[in-house]
Structure formats: structure tokens, C-alpha cells
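Dear colleague,

I am passing on the structure that we spoke about, with the sequence alongside. Please look through both before reading the notes that follow, which are grouped by topic.

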Amino acid sequence: MSSGVLTRCAEFISRYVEKPTSPLILIPAGVIISLLVWRVWAFTVVPILRPNEPKELPYWIPIIGHGTRFLKDSQSLFTYGREYFGNTREPFVITVFGEKLYILTSPRDVSGVFKETSTLSIDDVEINRSFGISAPGTEQMTRKMFIDETKAKNEKRDYNAMSADARHAQLLPGPQLEVLTKDFMRLFEEEMRGGTAPEKYVLSSKGDSKVVSVKMWGAHVLIRATARALFGEALHKVAPQVTETFLDFDEKSWMILYNYPEFFGKKTYILKEELIQMFIKYLSVPDDKRSDRAWWFKETDRLENELGMDVRDRAIRTMQQYWVTNANSYKLAFWMLSYIVHSPSLKASVVKEILPALSSASPTTPIDIEYLLHKCPLLDSLYHDVLRLTASSSTYRFIEAPTTIRGKTFRKGRKLLIPQRQTLLDPAVFGNTAAEFDAERFMRNKELSRSTSFRPFGGGVSMCTGRFVAKREAFAFVGSVLGRWEVELEGNGVGGEGEVRFPRLNVTNPALGLMGPMN
């Protein structure tokens, strides 16, 4: 095909280069010829010369490559690349503004990556720099000066490792998660019963009925309750607008991690700075005035004080933790309620299943979260299918040394990217209805949740530690809303007329977790 294009181009040029009246044709003709020669070399000849390396997805504009499409709709780019190479799910390469990224879409390859820790790593330093951690702060955080008594004798570890251990102890199943869950549920009930101002989510009222934005209702209630459980009451006292600022920032937070030019994402960078300043104020509050914060942050405060970290670097780190613990729960709750409420039969079944979790003796008694987690198979099944359809997280690995995967060599110094959505929608695993919601899919086949194709939270050392908290928060909100209120779509007589369309996924941004709805 490429040789045919070259032949036709040469014939076209030969008609004009002999004409003295058309000298300017030589410039564009030269550019076209050069571009075609480069493309044939890069995407036809090079793969022949380097058969042991993953093939590169062709593009027309050097350096920019697939950059524009990556930013506008990365998932369609990954799908196009997978299908371009015959849907074999072999690794391939894309170019994003001059950077070569290896793309993996095979569950078998992904499993191998998660097991490989000697040549593939997570670059915490690069992530921290993206958020603005200073050079001295980076040095302090990677300095091995802490002795972990649970590890080998005299083994010293750095701040990144020690703070990760504290995060895991707080958010993974165990005593600290039980404490956090108890605190969260108490604060969640407070927020649901008036702690969160109704004007944040109520759109209109008529008699005893209210039209609400489920997204904003869940966002404000869950984020406020989580923040109070983790950071205590001091955060909202010194930064009352932190929830609103965060929600605006979260819409485009991907720009920070992808090092998007500040000139093109000025608003996002301004919002990031506003959040940093809020957490500087928070950390300036004396420890005894923040004694109600979670154990996790008491431990990281201790580590940071021992290192003598600058308050701005500490604020950035704290803001990062606020971000990752709040970015997904409200989206998960929104999508679960959306699918439930759009199906009257499903809503009736879910309401019947969850009612025992609500105390009939006292309407002020907190919802029984353990009942929802362990005694509601339909709720659990639809939760899994919502995750499958809305998760868009991508796992990164930095290649520290040449690595071989499925007979292909991956070069040192490049990045490897695993877009989880490419396996979550695989018809070979989830059936012909893989692209559709099925509330009972995971009830009929309980093995699906353990499939290597089902990794909505990533995997390996980078698996999201907040997944247990996110599930508890979403279940609490969904159970409370459905169990305590009569819920209908606005167009079905609650406050408006006409058909209500199902919300559309926002696939236009490179999501860092769950995708939200289009605004």
C-alpha cells in the first residue's frame, strides 16, 4: 500500500516539476515525499529490523503522534490500536507528544507486569514532582532514615515506604479500617441529616417533594464525611470551601499527572494552588487542635516532622491523600443509583433486599453497613458491574531495565501503560453483552470478580488501597437514599415532565479512576 502511494505521488509530481510556471510545487512535494519516506521507514521497515520489539501504531505527524487523540479520548485510541493489530492483544507502542508509551491489553501480560518488581517500578518521585514537591522535599522523602521494627533487623526505609504502610494499615481490612468505618458512618449520618447544606444539591422544591442532583448530593455528603473522619473538624473550619474547590479541581485533575502545559490548563493549576494553600492553613493548626484526625495522618505527621519537611511540601502530600480518598466514591454512588432508578423492577428488588439494614425501631439509627456489605448479593453484583463499566484507570510502570513480555523486549527508560478498561469490556470474558449493564452478571457467575480481566482498581503494588472505603461509602449512600426516601426520576412526576435520558459517561478526559457523567 505504501509503495503504491509513493508511485502515484511521484507520477503526480513528475507532471509539474518540468513546468517552469510551478516552482513552488517543489516545496510541498518535498515535504510530502519526506513524510511518506519517514512513515514507510518507521512503520514498515523498522518492525522488520526489530522483530523482538512491540510494533508501533502508525501516525502522520511526527512528535505529536497520537497526543491529541490521547487527551481527547484515550480509550478510543487504545481500542483502535488493539484492533489495528488484529485484536491479538499483543503489546504495542503509541507516541504522545514525543514520548513512547507501551500499551498492554492482555490479561496474561498484565498479570506478568504486576508480578515483576525488579525491572518495573512506580515512580513516586515523578508523581510528587508533578504536584510541585520541591527538590529538598523529594530528597527528604527518599532518604532512608526510618527503622521499621516489623521488617528485617536494622533495615532502614524512606518516607514513601513508611507512609504507604500507614495508608495500607488504615484503609485495608483490619482494626484501623474498622475504626475509620465507625467514624465515617457516624459522620455520614450527620451529613445526611442536615450537615450538608441542602442548597448544595437541591435544585427545586414543591410541597414535600424535592428535585435533587444525585451527583452533587452524593459528592458533598460523602466527601465531607470522609474528610471529617480522616482530617478531623479543623479542615472545614480553616477551609470551608475545600469541598467545592476539590470538585472543580477533580474535573481536570488529570492535567497535573500528565504534566499538561499550565498555559492550556490555567484554571486547573490555580485550583491546585488554592487546595495547597488550604492544607497549609490546616497543617498550621496546632496538633492538639487536630487530635481527632485519623491514625494514618497522625503517623504521617510524625514522619514529616522527623524529616523537618517544609509546610508547603507537607501540604501537597496531604492534599494528594485528600484527592485520592475522595475522587471515586461519589461517582460510584452516582452510577449505582442511576442504573437502579432507571429500572423500576431493579429498584424494587434492591429496596426489598436492603430494607433489613435500616432499623425500624429508630429512624435516627445509622444504617447497618455490614448487612449491606455481606447480606445483599444483588447490590454487590450490580456494584461490580457498575465498576466494570465506569472504571477507566490506567496503571503505569517505569521500565528500569530491559524487560521481556510475551517474547517482546521493552526498552529501559520508557513507560508502560495498562488501560484497565480494555479488559473490563472484553466479550470473550463477560459475554456478548459486555458493553451493557447487567445487574445480575456477577451473581450468575461469581468467578468473574476474580478474573484477571476484572481489575477496576488496578493490581500489584499499585492496586488502589481505597477500594474498601469506596465500597463502604457508596453502599451507605445508596442504601440510605433508597431505604429512606421515595425516589423517582424527575420526568416521572416528581417535578418535571418528559423522558429523562440516562447519563452519559465522560470519556473525553483521561480518567484516573472512575469516569463521571458528562456535565
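**Salt bridges**

The side chains of E233 and R228 come together in a salt bridge, with an N to O distance of 3.1 Å. Please keep in mind, here and below, that this is a predicted model. The two partners differ in how they are covered: R228 counts as buried because its relative accessibility is 12%, under the 20% limit, whereas E233 is partly exposed, with a relative accessible area of 28%. This pair also belongs to a wider arrangement, since D183, R186, E190, E191, R224, R228 and E233 are linked in a network of salt bridges.

The count for the structure comes to 32 salt bridges, and two others can be described here. R302 pairs with E306, and the closest N and O atoms of this salt bridge are 2.6 Å apart. Both residues lie in helix α14 (residues 295–307), where they are four residues apart, about one turn of the helix. R302 is partly exposed at 35% relative accessibility, and E306 is likewise partly exposed, with a relative accessible area of 44%.

The other pair is R444 and D438, whose side chains meet in a salt bridge at 2.4 Å, N to O. Here R444 is exposed, with a relative accessible area of 55%, while D438, at 19% relative accessibility, counts as buried. The value for D438 falls in that class because buried means under 20% relative accessible area.

**A nonpolar patch and two backbone angles**

Turning to the surface, W60, I61, I64 and F97 make a nonpolar patch of about 390 Å². F97 is placed in the loop between β2 (92–96) and β3 (99–103), and at 43% relative accessibility it counts as partly exposed. F97 also has a positive phi of about 50°, although it is not a glycine.

A positive phi is found at I63 as well, where the value is near 75° in a residue other than glycine. I63 sits in the loop between β1 (55–56) and α3 (67–84), and with 60% relative accessibility it counts as exposed.

**The second largest pocket**

The second largest pocket holds about 1,200 Å³ of space. It is lined by 37 residues, of which V211, V212, S213, V214 and E488 are the closest to its centre. The elements that give two or more residues to this lining are α8 (175–195), β7 (202–206), β8 (209–212), α9 (214–231) and α16 (329–341).

**An annotated position**

Finally, there is one position that comes from a record rather than from the coordinates: in an unreviewed entry, UniProt lists C464 for "binding site". In the model, C464 is found in the loop between α22 (441–444) and α23 (467–484). Is C464 buried, partly exposed or exposed? With a relative accessible area of 27%, C464 is partly exposed, because that class covers the values between the 20% and 50% limits.

With best wishes

How values were computed:
Residues numbered from 1 in each chain as written. Predicted model: local features only at pLDDT ≥ 70, side-chain atom pairs only at ≥ 80, totals over all residues. Heavy atoms only, no water. Patch = residues over 30% accessible without salt bridge, like charges linked within 9 Å, V, L, I, M, F, W, Y side chains within 5 Å. Areas by Shrake-Rupley, 256 points an atom, 1.4 Å probe, with all protein chains shown as cover. Salt bridge = Lys/Arg side-chain N within 4 Å of Asp/Glu carboxyl O. Buried < 20%, exposed > 50% of the residue type's maximum accessible area, 1.4 Å probe, protein only. UniProt positions renumbered as here; feature names shortened; annotations may be inferred. 1 Å grid on protein atoms, 1.4 Å probe; cavity = no way out; pocket = protein on both sides within 12 Å on 5 of 7 lines; lining within 4 Å. Points joined across faces, edges and corners; volume = space filled by probe spheres on them.
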